[in-house]
Amino acid sequence: MLKIKDVSVSFKDHTVLDQLSLTAYEGEIIGLAAPNGTGKTTLFNVIANYLKPNEGTVVFNDQYEYKSEKDEVDIYKQLTPFPDQGDLFEELSGVDHLKLYANMWKGTSKHIKDIIKELNMESYVKNKVKTYSLGMRQRLCFGMMAAADSSIMLMDEVMNGLDVSNVALISEKLIEMKNNQKLMFVASHLLENLDLYADRVLFLKDGKIIHEHHIHDNHDTFIKVSLDPNRYNEFKQTYDLPEDHHYISDRLLCIPFSKLTLSEQTTWLERVIQFDEREFEIGTLGTLEYYEKYYHDSYIRK
Amino acid sequence: MFWKYTLFELKFMLYNRKPLIIGIGLIMFFIFYFVHLSQTTPETIKQQKTQEVDIYNSTLDQMDYQQKDNEKAEQVYQSLLDQLSMVRYQGFYYGENQHDDYIETGLKVNEERLNVHELGNEGVPEYLIFPKEEILKENEYLTYLQEHNLPVEENSYQANQYLETAVNTLSGLLFAFILLLSGNEILVYENRHPSVMRGLPISFLKKSISKISVHFTYIIVSLVLGIVLSGWYAAHKLGAGNFKSPIVIYQNGGYEAISTTHYLLLIVLGFALITIWILALSVLMNLLFQNAFANLVVGLSIFLIPSLMMAIDVNTAIFHPFALIDIASVLSGSLAVELQNPAIDYGYAITWLIVLIIVTMLIVIAKIKLEFYDVKAIFRSIFHQKSMKKE
């Protein structure tokens, strides 16, 4: 278990994390969704003690804090930060990297053969890293995390540079690791992908967690209609929209659906059909919708 | 964990060109130095004796023009005449291969030279006085030959004498520079791979010991290989010489002759400790400055402090340990003379080098420990408590 208690980080006048608190448990994947510069990497750096917070503490298993070097080593035995592909040793092979992480955390490298096979790295892993493409390097970085097999993993931009099939491969592997009771923090810009494996997604803004999206407990459905701002205003003037409706990114109207009675649901469906001939959808709000809701101004769709 | 990490460091080093270049450079230094020396002609014993005769003649000539109006000056003059005669005989004995007589006469010459020193070198021009250290050294040398029944060896660049010259040349700033160059990125290289290396579950001390061990191993292996290969090459070209031949070292305030093999072992042990110390110092400087270039500049400056201080007539014992990197000068006694500190001998140097290694590593540990404390806050609270007590 990992507890982040009232962590604040400021650089001169700029507050990156502001009294941020969070508890995370084994067997959980926590997604972090926020635009660049909102504190995702800072949070990871605080968890890994690469950056000392101005205030607050990080507690591992109700036991370890970064109070001494011995504590730090004890924590590091349980924690692996995601290596950046630019930091790999160009002259060493993928196997050398995997062996380093396997040996340092597990004390053995016997299991790396399976990892190489699972991540389809057999064809290149013995070559020097300098010959790898971005996708190959990213798979190696993920393989290093898998080789370390620590109980807590911090994965910053884990899907960077991966093609669709490899995104699916890594997603599957993440789910497998979650089932093995690993606690993983995943910062990713592939928002729809987060919905596949994350248990909850945290949205950071102004140094705080502004929303916690529990994917498995998300049963509230909405009627989702694409409307430009003019049509939205027209719709709003025509019908008395419920207070808890959302209008996201000046393009998507979300009307609460599951909370309504059957007759109310029918009424709203008729209104939407009458008002707009285009397709609409009934479903829960996903990470992408929440992301657009909270970061519309800074969001650049990928 | 320690060994697994050390294996990685070793692997990384094998793929890194810098240690390879330094290692090969160290080996090639010995080979090239032999090639260079073998093109020069060392001074023969006969030439040395002729030179000594010239010095005696010159001294006696100058004394002829002075009034020998006191007894001491007369005694000195007579002694010098005897010495001149004996040195001539030495030249003769050497030419006739009568080594025992050469040694016997040499010891008598030295006895007379010491006698002249006791008489205060009365009437002898200062620049013609035989230094007492040289007399004592030669005495030890000749006594060793006599006791071990060894022949007088002609000056040459045979393996034994060449190796002594080579290690003496390497000793000092040159060797320190090589070590600083090797260690200048001992930690800093990790800054180029931070996300891979930073979160490894190993303590900084273990990591440092691992790095020092790997660097130490390749440097000492290169050094020993250089000595062995160049020794073999010199033996092949000019002959092996006699490794039982004496070399005089400064020990316990006096001089003592030891065999060439013993001398080389002492030098290599000294080099080993110097290597560990400079690598530990590199870890500390990498930690403090995070810069490879600073490691070289600051490191060399530290070793130059004793000489620079002497140049401005400041001789402080506190800086003397930094001069111990020149282990050959420690062994010859020239460092003790230069720094006017008779305590500086091999035992002193080894003890100090061990102390320096421990102190350097303790500073490294303290630096790492302090990173977990807000030092300013601790000082603030101490001052605050003191001011509260005063009030």
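**Figure 1. The two sides of helix α9 in chain A of this predicted model.** Let's start on the outside: L262(A) and Q274(A) are exposed, and they sit on the face of α9(A) that is turned away from its buried side. The helix itself runs over residues 262–275, which makes 14 residues. From first C-alpha to last, α9 of chain A reaches 20 Å, close to the 20 Å expected at 1.5 Å a residue. Now for the other side, where Q265(A), W268(A), V272(A) and F275(A) are buried. Look down the axis of α9(A) and those buried residues fall within an arc of 105 degrees, so they line one face of the helix. And what covers them? The cover over the buried residues of α9(A) includes two strands before the helix and one after, namely β10 (221–226), β12 (252–256) and β13 (280–284), along with the helix α8 (229–238), all in chain A.

**Figure 2. W268(A) and its partners.** W268(A) is worth a view of its own: with a relative accessible area of 6%, this residue is buried. Y239(A) joins W268(A) in an edge-to-face aromatic pair, with 6.3 Å centre to centre and 70 degrees between the planes. The two come from distant parts of the chain, 29 residues apart: Y239(A) belongs to the loop between α8 and β11 (246–248) of chain A, while W268(A) belongs to helix α9. Y239(A) counts as buried too, because its relative accessible area is 15%, under the 20% cut-off. W268(A) also has a charge on its ring: the charged end of R271(A) sits over that ring, 4.5 Å from its centre.

**Figure 3. Aromatic pairs elsewhere in the model.** Search the whole structure and you get 32 aromatic pairs over all chains. One of them brings together F44(A) and F185(A), whose ring centres are 6.4 Å apart and whose planes meet at 75 degrees, so this pair is edge-to-face. Here, too, the link is between distant parts of the chain: F44(A) sits in helix α1 (residues 40–47) of chain A and F185(A) in strand β7 (residues 183–187) of chain A, 141 residues apart. Both F44(A) and F185(A) are buried. There's a cluster to look at as well, in which ring pairs link F203(A), Y290(A), Y291(A), Y294(A) and Y295(A).

**Figure 4. Chain A, zoomed out.** Time to step back for context. Chain A has ten helices and 13 strands, and its C-alpha trace spans about 65 × 45 × 35 Å along the principal axes. How much of chain A is buried? Of its 302 residues, 56% count as buried. Take the contacts in chain A with a separation of 6 or more, and 66% of them are between residues 24 or more positions apart. An unreviewed UniProt entry annotates residues 2–231 of chain A as "domain: ABC transporter". That stretch of chain A, residues 2–231, is 33% helix and 28% strand, with its end C-alpha atoms 47 Å apart.

**Figure 5. The spans annotated in chain B.** Over to the other chain in these views. Under "transmembrane region", an unreviewed UniProt entry lists residues 20–38, 216–235, 263–285, 292–312 and 346–366 of chain B. What do two of these look like in the model? Residues 20–38 of chain B are 95% helix and 0% strand, and the end C-alpha atoms lie 27 Å apart. Residues 292–312 of chain B also come out at 95% helix and 0% strand, here with end C-alpha atoms 30 Å apart.

**Figure 6. A280(B) and its surroundings.** A280(B) is found in helix α11 (residues 260–289) of chain B. Is A280(B) buried or exposed? A280(B) is buried, with a relative accessible area of 0%. Setting aside neighbours within four places in sequence, A280(B) is in contact with I212(B), T360(B), M361(B) and V364(B). A280(B) and I357(B) are 77 residues apart in sequence, yet 6.7 Å apart in space, C-alpha to C-alpha.

**Figure 7. Two more spots in chain B, around S259(B) and F130(B).** S259(B) lies in strand β2 (residues 254–259) of chain B and counts as buried at 17% relative accessibility. Apart from neighbours within four places in sequence, S259(B) is in contact with Y144(B), F243(B), K244(B), S245(B) and P246(B). As for F130(B), R113(B) lies over the face of this residue, at 4.0 Å from the ring centre.

Conventions
Residues are numbered from 1 along each chain as its sequence is written. Chains are lettered from A and ligands numbered from 1 in the order in which they are written. This is a predicted model: local features need pLDDT of at least 70, side-chain atom pairs count only at pLDDT 80 or more; totals for chains, interfaces and linings use all residues. Side-chain values use heavy atoms; hydrogens and water are left out. Helices (H or I, at least four residues) and strands (E, at least two) are DSSP runs, numbered from the N terminus. The expected span of a helix is 1.5 Å times one less than its number of residues. Buried means under 20% relative accessible area, exposed over 50%, partly exposed in between (1.4 Å probe, protein chains only). The arc is that of the directions from the helix axis to the C-beta atoms. Contact means heavy atoms within 4.5 Å. Rings of Phe, Tyr and Trp (its six-membered ring) pair if their centres lie within 6.5 Å; planes under 30 degrees apart count as stacked, over 60 as edge-to-face and the rest as tilted. A charge sits over a ring if NZ of Lys or CZ of Arg is within 6 Å of the ring centre and within 35 degrees of the ring normal. UniProt positions are given in the numbering used here, feature names are shortened, and annotations may be inferred rather than shown by experiment.
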